[in-house]
Amino acid sequence: MNQWTREARYRPLSDVDPSVYQAMKEEVRTSPWRFSYHIQPPTGLLNDPNGFVYHDGLYHLFYQWFPLGPVHGLKYWYHMTSKDLVHWFDEGAALIPNDDPDSHGAYSGSGFIKDDQVHIMYTGNKRDADWNRHTSQIVGHLRSDGRIEKHLPPAIPNVPAGYTEHFRDPKVFQDASGTWYCIIGAQRIDLTGCTVIYQSQDAEHWTFLGELQTNNPTFGYMWECPDYFELDGKGVFLFSPQGIEPDGTNYQNIFQSGYFIGEPLALPDLTFTHESFQELDFGFDFYAPQTTEAADGRRILVGWMGLPDISYPSDIYNWAHALTLPRELTIEQGQLRQRPVRELTQLRKETLFDETILFEQDVTIAEAEIFELMMTDLKLSSDSFRFSIRQDATEETVFHYDAVSRQFTIDRSRSGAEVPAETFGTSRSTVLTKDLHTLRLFVDRSSFELFLNDGEAVASGRIFPKASSRGIAFSGEATAHLSIFDLS
Ligand code: FRU
């Protein structure tokens, strides 16, 4: 494995001999655990979704990308497009960190449509000779040749007084009157996290308004990747706070991402009246989500199926991480729900199982590696119910429901090649508000995404089983309608 010196991490792709890069691409392409239907990097490391926007029949989705290995280094934006949120076309690197303000990375940001063109706003990350960080916020637009043209100098060249250089991830939106706003993740000089808001009439010249006034003025040491939108009459503020301690089954990962639901903001008034923080995903691998509005008005969320500071067994093949499947968001009875986007039924190939079934004893129902499993009308007649996937004699990923406590638990302690222990244990749980009645599970070569009770709770995780571990087995007493679709 490479020694990831600072020099190696900040080496631009243009310095690498094209034949060496081609060989790396080939090594990655043929390595184990590559995804079948998720967005993954061609080489190197993927992190946050960026610039997610719909324009003129196409969804544009970019991601943070370090091309040269499974580590965080000089970040580019890699560009994907799709007509249907299911099939993605690889557009290549679109934003290159080769200017002074982004010399050490084109960090996260968002997309918006202005003058009938895809625009973006992102954070330029720069380090000086003493490795002090300097951040600025840069606007750009997507040219017809697929590259982002930067509008330099940066639109917001400096961090305002009162905040550290951990000041990044602008999310731009427009209100009904056409005024532009952008919210930025920030750290105060007392090392607490918050979000600040800017206003603009043209999305190029920005005026600092101040901090979003939440009920949680001290919650972690940095808020990354803020997002704000209105949905079903509510204001929703998403963010990824760092520095939250584990609490019962909550906050089990190194960093969290979640939301406040409240009254719609009356900007430029910065007061946000909201309910308590809720996590978006109770799984192992989820961070830095971003949303956009679909052509038909749906609010669509995509996250990074990974987290900072973790390593995986696939790292030795020089690539890391993927994006989650897109989810559609709604608010129902005041609660946020997340369902896989309806377009994903297009992935279904062969139907492996489709019957109402009475589970009475341990039973292996099917064999599949890459599949969707759906249970509806689930009714338990025992206290607990369990099923496992990607199973063979020595491996399995286990999903367990305790009907007495309504606790749902995922155990990946025997899921295959081990994810190192720095990922905070091998099981994750949530307590449902209603009895478990529906369940939908998407499994790719090295991941699962689980949706419980029609989007009440969601969990994402990476697993690294052998390709031959394919058993899908159930135990417990219950009836349900069970469908299994091959997605390979
Ligand atoms: C979140 C994050 C962002 C930053 C980007 C850099 O994962 O740390 O705050 O812009 O990643 O890649």
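Strands S13 (residues 222-231) and S14 pair up antiparallel, with eight bridges between them; strands here are DSSP E runs of at least two residues, helices are H or I runs of at least four, both numbered from the N terminus, and two strands count as paired if DSSP finds at least two bridges between them. The model is a predicted one, so to speak of local features a pLDDT of at least 70 is needed, side-chain atom pairs count only at pLDDT 80 or more, and totals for chains, interfaces and linings use all residues. Residues are numbered from 1 along each chain as its sequence is written, and side-chain values use heavy atoms, with hydrogens and water left out.

Back at the S13-S14 pair, glutamate 230 sits opposite glycine 235 of S14. The two strands make a hairpin with two residues in between, and aspartate 232 in that turn has a positive phi of about 45 degrees. On to S15 (residues 258-262): this strand runs antiparallel to S14, and five bridges join the two. Phenylalanine 237 has phenylalanine 260 of S15 as its bridge partner. S15 in turn pairs with S16 in the antiparallel sense, over two bridges, with tyrosine 259 partnered by glutamine 278 of S16.

Put together, this gives an open four-stranded sheet in the order S13-S14-S15-S16, with antiparallel pairing. S13 and S16 (278-279) are the edge strands, each with a single partner, so one side of each has no neighbour in the sheet. As for S14 (residues 234-242), eight of its nine residues are buried, so the strand is largely enclosed by the rest of the structure. Buried here means under 20% relative accessible area, exposed means over 50%, and partly exposed lies in between (1.4 Å probe, protein chains only).

Aromatic side chains come up again and again around this sheet. The whole structure holds 40 aromatic pairs, a pair being two rings of Phe, Tyr or Trp (its six-membered ring) with centres within 6.5 Å; planes under 30 degrees apart count as stacked, over 60 as edge-to-face and the rest as tilted. Tyrosine 228 and phenylalanine 272 have ring centres 6.2 Å apart and planes at 90 degrees, so theirs is an edge-to-face pair. Since tyrosine 228 is in strand S13 and phenylalanine 272 in the loop between S15 and S16, the pair ties together parts that are 44 residues apart in sequence. Both tyrosine 228 and phenylalanine 272 are buried. Phenylalanine 260 and phenylalanine 277 also go edge-to-face, because their ring centres are 6.1 Å apart and their planes lie at 80 degrees. Here phenylalanine 260 belongs to strand S15 and phenylalanine 277 to the loop between S15 and S16, so the pair ties together parts 17 residues apart in sequence. Phenylalanine 260 and phenylalanine 277 are both buried, and both belong to one aromatic cluster made up of Phe219, Trp223, Phe237, Phe239, Tyr251, Phe260 and Phe277.

Rings also take part in contacts with charges. A charge sits over a ring if NZ of Lys or CZ of Arg is within 6 Å of the ring centre and within 35 degrees of the ring normal. Arginine 34 places its charged end over the ring of tryptophan 319, 4.6 Å from the centre, while arginine 412 lies over the face of phenylalanine 284, at 3.9 Å from the ring centre.Then there is the ligand. Its surroundings (residues with a heavy atom within 4 Å) consist of Asn47, Asp48, Gln64, Lys75, Tyr107, Ser108, Arg168, Asp169, Glu224, Tyr287 and Trp304. A polar side-chain atom of aspartate 48 is 2.7 Å from a ligand oxygen atom. For arginine 168, a side-chain N or O atom lies 2.8 Å from an oxygen atom of the ligand, and for aspartate 169 the corresponding distance is 2.5 Å. Taken alone, the ligand exposes 320 Å², and the protein buries 92% of that (Shrake-Rupley areas with a 1.4 Å probe; for residues, only the protein chains shown count as cover).

Asparagine 47, in strand S1 (residues 44-55), is buried at 6% relative accessibility. Its side chain makes a 3.2 Å polar contact with the side chain of aspartate 48. Such a contact is a pair of N or O atoms within 3.5 Å; within protein, one must be able to donate a hydrogen and the other to accept it, and residues adjacent in sequence count only if both atoms are side-chain atoms. Threonine 123, in strand S6 (residues 117-127), is buried at 0% relative accessibility. The threonine 123 side chain makes a 2.7 Å polar contact with the side chain of glutamine 137 and reaches the backbone nitrogen of aspartate 169 at 2.8 Å.
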